[in-house]
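Thanks, everyone, for making the time this morning. Please bring the structure up on your own screens, and I will talk you through a few parts of it in turn.

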Amino acid sequence: MRGGVCSIRALAPVLLPRWLCGPRACPAHLHGSVRFLSTDSVSAALPARARVVICGGGIVGTSVAYHLAKLGWTEIVLLEQGRLGAGTTRFCAGIVSVAKPLSVESKMADYSIALYERLEEETGVKTGFVRSGSLCLAQNQDRLLSLKRLASRLKVLGVSCNVIKPKDVARLHPLVNIHDLVGALHLPGDSVVSPPDVNHALAVASAAHGVQIYEHTSVNHVVVKKGHVTAVETDRGSIECEYFVNCAGQWAYELGQSGEVKVSVPLHGCEHFYLLTKPLSEPVQNDSPVLIDMDGRIYARAWHGGILSGGFEKNPKPIFTEGRNQLEIQNMQEDWDHFEPMLSALLRRMPGLESCEIQQLVNCPESFTPDMRCLMGETPGIYGYFVLVGMNSSGLSFAGGAGKYLAEWITYGYPSASVWPLDIKRFGNLQSSRTFLRHRVMEVMPLLYELKVPRWDFQTGRQLRTSPLYDRLDTQGARWMEKHGFERAKYFVPAGKDLLALDQSKTFYKPDWFDIVGAEVKCCKEAVCVIDMSSFTKFELTSAGDQALQLLQRLCANDLDVPVGHIVHTGMLNQRGGYENDCSVVRLSKNSFFIISPTDQQVHCWSWIKKHMPSDPQLHLEDVSWKYTALNLIGPRAMDVLSELSYVSMTPEHFPSLFCKEMSVGYANGIRVMSMTHTGEPGFMLYIPIEYALHVYNEVMSVGQKYGIRNAGYYALRSLRIEKFFAFWGQDLDSFTTPLECGREFRVKFDKDTDFLGRDALLRQRVEGVSRRFVMLVLEDHDTELDVWPWWGEPIYRNGELIGVTTSSAYSYTLQRHVCLGFLSPTNTDGSPAAVTADFINRGDYEVDIAGQKFPAKAKLYPFSSLFAQQKRRKDDMELSNFQSK
Amino acid sequence: MSGYLCSRLLLYTGGRHLTSFFAPSQHVLPDKLCRTCPLPCHARSFSSRSRSDGSSGQKGENTLHAPRRELDFQLSRLQINAVLRANEQSVSFPEFDGRSGPSPVLRFESNQLSANTPLEDRRSSASCLQTRGMLFGVFDGHGGHACAQAVSERLPYYIAVSMMSESVLEDLEAAMETLRPVPPILQWYKHRNDYNYRESAALYVNHLRVYWQELLASEEHGDGMRPTDALIYAFQRLDTDLSLEAQVPLANDLMRNTAIQAAFAGCTACVAHVGPEGVHVANAGDCRAVLGVQEHDGSWSALPLTQDHNAANVTEVERIWRQHPASEQHLVIVDDRLLGVLMPLRAFGDVRFKWSRELQQSVLENGDSDLEALNLYQYAPPNYLTPPYLEATPEVTYHRLRPQDRFLVLASDGLWDEMTSDEAVRLVAEHLTGIHLQAPVSASQLNLGQMHQLLLQRRARATPALDLNGATHLIRHALGTNEYAEMDQERLATILALPSDLARMYRDDITVTVIYFNPNFSKTAN
């Protein structure tokens with residue numbers, strides 16, 4: 001209890017009196033509230049050591065401190081360079097809304113609302129919490145459709161919401177002009193708070209649990225020894241610690257760069273403006289709902305009888321590219337000319353405000369990340385260095401839930417929900433260029449309120465990583481998407497055919513590339529196609545003795561002790577049996593392995609292997625992603641093309657499935673040819689040292705001509721893999737999914753007596769039975785031409801009851817139907833998870849809810865065997881792995 | 001009040017008769033003489049925008065609309081842009097050229113718009129290849145374009161040669177002598193509409209060679225002249241050469257006519273030399289060079305680097321008075337003009353203000369009298385008692401470049417008639433930074449509706465990104481800004497659509513060159 005005693009001593013003179021004397025009247029102004037947790041900078045010396053040091057006293061930092069303390073941690077120190085909540089928190093608009101693009105984000109927001117609501121009771125600090133509800137307005141049918149999709153997603157989470165008519169909007173908020181609306185989404189649970197007061201309440205609650213808070217203390221850098229956080233250097237001395245949490249908001253990037261070991265925290269600031277008005281002649285009620293008019297790019301809430309309204313403009317102003325300091329954030333200039341489009345939108349939405357007087361235009365910088373999602377989790381390579389920043393202007397909505405997840409992460413090693421989309425390990429060094437960030441956030445900020453249709457891509461910060469064939473493919477009509485900075489072809493537009501412009505091609509219905517991809521799929525089925533799949537993450541693990549095999553046997557669920565030349569599809573599981581990675585491992589020689597993982601696993605997989613790798617100088621892991629160009633030859637004629645180029649018979653008799661050989665292709669020698677395609681179609685993957693890439697490609701294309709060869713893209717690949725029920729890590733599989741839940745028991749070495757990570761959990765699950773199951777749903781009665789297409793995240797109903805959510809979907813050109821993949825997780829009547837059996841799945845009527853409309857579907861546990869071309873196989877090699885993304 | 005008169009005149013004549021009204025008058029008031037004849041001075045001061053007098057401005061507006069309705073002068077936006085951009089030029093320089101430190105100039109943008117037909121303004125831009133530095137000149141011709149043309153293509157050579165060291169000049173001379181290729185002296189940046197007098201090229205080279213031979217012969221030339229001396233000396237030398245060429249017999253008539261026209265016509269010149277040590281501006285006449293300075297707080301100010309040599313310049317008037325007997329004091333400057341005729345008080349050419357009456361007479365008589373243009377020069381200025389009255393010696397100012405010096409605007413008086421130096425700097429700065437530099441709005445005591453209206457007005461007023469070229473931006477605003485300081489598309493269309501004989505009454509030829517400095521240059525250089 002040393003920590004507890006210590007903290008009370010540190011805080012007693014300043015905090016306790018206020019804290020005991022109860023709530024103070026709610027401050028009249030958002031910004032006027034006096035902070036009183038200030039530690040006297042002279043008298044209160046920093047402790048010499050702590051377990052956790054949190055940098056940043058904004059809403060996020062205090063939330064992490066609060067949740068850590070709740071989980072029983074002691075010796076927590078929170079450092080703030082200025083005063084608590086002096087950064088973005090001080091200025092933010094105070095809206096807590098669950099209308100977020102990702103389910104996990106909605107979940108965090110939902111938790112935040114519950115937390116903020118009970119804070120006042122818990123601490124006695126008034127937080128200004130009002131459950132005002134919110135209205136997301138739709139000015140057009142596409143927007144309404146996206147709101148309906150959001151509504152069906154929220155229903156899965158148990159959040160109450162209603163799609164309502166414009167007339168109902170007018171009833172809920174009389175100031176709103178509804179003439180140009182087609183509908184709205186009403187979220188009665190959404191709330192408004194006073195952010196500095198919530199911040200303060202969290203600080204008070206944390207302090208009550210023993211967190212020591214020091215203001216006016218800046219972190220200079222974090223000391224890392226042997227890959228572990230050991231201490232934090234501040235301007236007032238150093239603190240030894242085991243864990244460090246970077247919640248420094250706008251300053252997080254620089255804090256990450258300040259240490260000897262650099263941490264990439266890819267975020268960038270943008271100016272953000274909102275308007276405060278004086279009270280209206282008829283004051284706006286405190287509980288009038290928050291308005292979110294995404295088509296007008298604005299939001300508005302009631303504020304002291306007047307209105308607070310801001311927006312996310314099309315032409316944001318990035319700031320602090322060259323660095324920043326505390327002073328700057330407090331002296332941001334107002335820019336009315338810049339605000340004009342938002343003001344126009346506001347007056348159009350609420351014409352009654354014209355006569356309302358202006359209080360202030362606030363410029364409140366927000367930090368944004370390259371993909372519009374926050375950055376959470378342990379940084380790769382440094383144990384004990386956690387990050388929670390980059391809130392993309394939803395800091396208040398996320399802070400509660402995100403703080404809880406991060407606290408769990410620090411405590412248990414993982415959070416209680418799958419947060420891979422928010423995991424900082426989805427980014428690497430390659431996303432932390434200042435120029436890249438500056439350009440990307442200028443796209444990200446407007447995107448917050450832009451209509452997001454299936455398969456949109458970022459347009460900025462592109463062409464960072466490309467295959468050597470990029471130009472060659474581009475001239476042949478390739479259209480590109482980006483994954484982890486790598487350009488990948490989506491499809492190839494034939495010469496003479498034009499697609500719609502990017503803006504016009506946005507649709508929730510049948511897209512304009514439908515026939516193009518159809519032709520590519522057909523070619524894969526009947527002839528042969530080439531797909532450049534160079535973006536894969538490729539590692540080589542070698543050792544002098546059998547250390548490499550030992551390590552992989554421990555990390556991988558499948559048996560790696562196979563003859564040289566065999567390819568093994570395997571998951572890398574965590575203790576809970578969940579997939580940390582799903583990869584293909586090739587045994588190149590007795591003691592060297594080639595590991596192929598999904599593109600965005602580059603950082604995560606590296607740190608996962610490194611984490612479990614003994615420090616043995618004879619064991620060597622190398623990232624060789626950049627050394628190889630990968631060409632995927634898919635189709636029945638792939639073997640003909642290759643044998644012509646190598647003078648070797650490539651028939652299944654001579655080259656069975658899931659084998660790897662080094663051979664020559666054309667003039668180039670040393671090409672790793674693997675008999676797998678990640679689609680279930682016959683064909684080969686060619687791993688080509690990049691200097692040979694162009695040669696091999698040219699040879700393949702010229703020899704392939706007589707077999708009808710053509711280029712194909714990832715959309716064709718995706719359609720092929722989904723119709724064959726192949727799950728994809730990051731989309732379908734996550735760290736909470738076990739092989740048993742997705743029908744991959746045959747890829748687990750239960751029969752061997754080798755221990756591996758997750759074995760115990762899997763054995764237990766095998767006995768208890770699974771409570772969720774990956775299924776394939778084939779949509780019936782869905783008109784491809786006229787109905788809204790599924791994407792992912794659609795609720796699944798069984799016999800009219802909500803039972804699961806889809807994780808990916810594609811149109812199967814072979815079945816001529818839409819196929820959705822997803823998980824069923826039934827519950828008993830008391831809400832506890834129920835076991836799923838084949839019988840249970842087969843005896844049910846299923847429906848998939850796409851934007852509020854339910855389509856009947858057939859659920860299947862196994863793929864259509866008719867889709868697999870007849871090939872000679874190894875016993876267990878049903879190739880069920882794939883890495884292509886959404 | 002002249003503006004008022006003129007506008008009344010135009011109103012009463014009515015649009016339909018406008019052309020016929022002015023057509024016969026061409027003999028009396030040929031537009032080429034505008035600069036030098038006393039009468040058209042009324043037309044001159046009736047500039048396209050009267051800023052001092054509100055009432056006449058209002059009338060001016062009416063006049064401009066009258067012809068449009070009657071004659072359908074209106075141009076479309078595309079046509080306007082085509083007219084404005086015909087002479088656009090924009091050249092960027094690499095920051096490091098590999099020869100030496102960072103380049104002081106990042107790029108320059110230039111444009112010309114003619115009111116006279118043909119255009120009488122000239123411009124030139126070139127890099128000195130043998131010495132470090134760039135030359136930018138604006139030349140405003142009068143009495144024809146001959147003088148401006150000759151000066152624009154020759155003056156940079158004279159300046160460059162003056163600055164060359166003895167050894168480089170010796171190389172030149174040796175190459176010339178042995179018929180080897182002569183090392184290039186200048187790298188020109190020309191627009192496709194800029195041209196050279198081809199027929200006189202040989203003559204020009206010869207005279208340039210004579211000049212450098214004299215420099216070689218002189219004792220103290222050594223490492224070459226400092227920019228200030230070089231500019232002064234080159235101006236004087238070229239003016240002398242122009243004058244001599246008109247007096248000596250030449251190989252053919254064409255060359256001779258060219259020489260005589262160049263000498264009898266005139267031009268003012270403003271030349272900036274931007275070198276490692278800073279900016280030297282030499283000015284003779286009423287072109288102007290203005291430096292755009294951005295202070296540390298982000299505000300902009302204009303720093304003129306030249307004095308206009310016209311009757312408004314007291315020092316200049318006194319200088320002329322000093323050079324002539326006191327008895328002439330009331331005769332030298334009449335109606336704000338030199339001898340009641342010439343507006344600029346310094347100029348190249350214009351030998352009618354430099355030679356004795358006898359010399360003028362003899363040259364004109366010996367000349368080919370079928371040269372119709374020469375008839376114009378038969379009128380000697382009145383009260384021509386103690387010539388010369390005019391010289392081409394420039395006034396040179398030196399400015400050392402600081403990081404806050406962002407650009408230099410060189411423009412002929414056609415621009416400065418329409419706007420002040422401050423306005424020009426504001427416009428270019430706005431164009432450069434892409435933001436509107438009107439005072440930022442603050443929310444004092446406005447309601448949302450009023451604020452909204454205000455913002456919309458400001459948006460409408462700002463016409464950013466219409467022109468990529470800063471010089472075009474200036475010209476567009478010079479002509480299109482109305483008396484409420486707003487961009488007025490209709491007004492611009494009308495002004496540009498004026499037929500050539502009318503155009504000269506509303507505007508002068510405009511030449512603008514904007515030179516953008518490298519802010520890193522002065523940081524590293526100092």
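Let me begin at the boundary between the two chains, where the salt-bridge rule finds 0 salt bridges across the interface of chain A and chain B. I should say straight away that this is a predicted model, so please hear everything that follows in that light. Although salt bridges are absent by that rule, there are 4 residue pairs in polar contact between chain A and chain B, counting pairs with both residues at pLDDT 80 or more. On the chain A side, β14 (273–277) and α11 (336–349) each supply at least two of the residues that touch chain B, and α11(A) gives the largest share of that side, with 8 residues.

How much area do chain A and chain B bury between them? The value is about 1400 Å², with 60% of it on carbon and sulfur atoms. If you look for the residues of chain A that lose the most area to chain B, they are A:D337, A:E340 and A:I358, which together make up 38% of what that side buries. In terms of residues, the contact takes 18 from chain A and 14 from chain B.

Let me now move away from the interface and turn to strand β31 of chain A, residues 628–634, where 7 of the 7 residues are buried. Both faces of β31(A) are covered, with A:Y628, A:A630, A:N632 and A:I634 buried on one side and A:T629, A:L631 and A:L633 buried on the other. Strand β25 of chain A, residues 529–532, runs antiparallel to β31(A) and is joined to it by 4 bridges, with A:V530 standing opposite A:L633. Strand β34 of chain A, residues 683–689, is also antiparallel to β31(A), this time through 7 bridges, and here A:A630 stands opposite A:Y687.

The last part is a barrel in chain A, in which 6 strands close up in the order β36-β39-β38-β37-β40-β41 with antiparallel pairing. Neighbouring strands of this sheet are turned by 40° against each other on average, if direction is ignored. Within the barrel order, strand β36 (residues 773–779) and strand β39 (residues 817–824) of chain A pair in the antiparallel sense over 6 bridges, and A:V775 has A:G822 in β39(A) as its bridge partner. Finally, helix α20 of chain A, residues 714–723, lies across β36, β38 (801–812) and β39 of chain A, and runs at about 135° to β38(A).

Notes: Residues are numbered from 1 along each chain as its sequence is written. Chains are lettered from A and ligands numbered from 1 in the order in which they are written. This is a predicted model: local features need pLDDT of at least 70, side-chain atom pairs count only at pLDDT 80 or more; totals for chains, interfaces and linings use all residues. Side-chain values use heavy atoms; hydrogens and water are left out. Buried means under 20% relative accessible area, exposed over 50%, partly exposed in between (1.4 Å probe, protein chains only). Two strands pair if DSSP finds at least two bridges between them. Axes are lines fitted to C-alpha atoms, for helices over the stretch in contact, and angles run from 0 to 180 degrees between N-to-C directions. Contact means heavy atoms within 4.5 Å. Buried area is the accessible area (1.4 Å probe) that two parts lose on being put together, summed over both. A salt bridge is a side-chain nitrogen of Lys or Arg within 4 Å of a carboxyl oxygen of Asp or Glu. A polar contact is a pair of N or O atoms within 3.5 Å; within protein, one must be able to donate a hydrogen and the other to accept it, and residues adjacent in sequence count only if both atoms are side-chain atoms.
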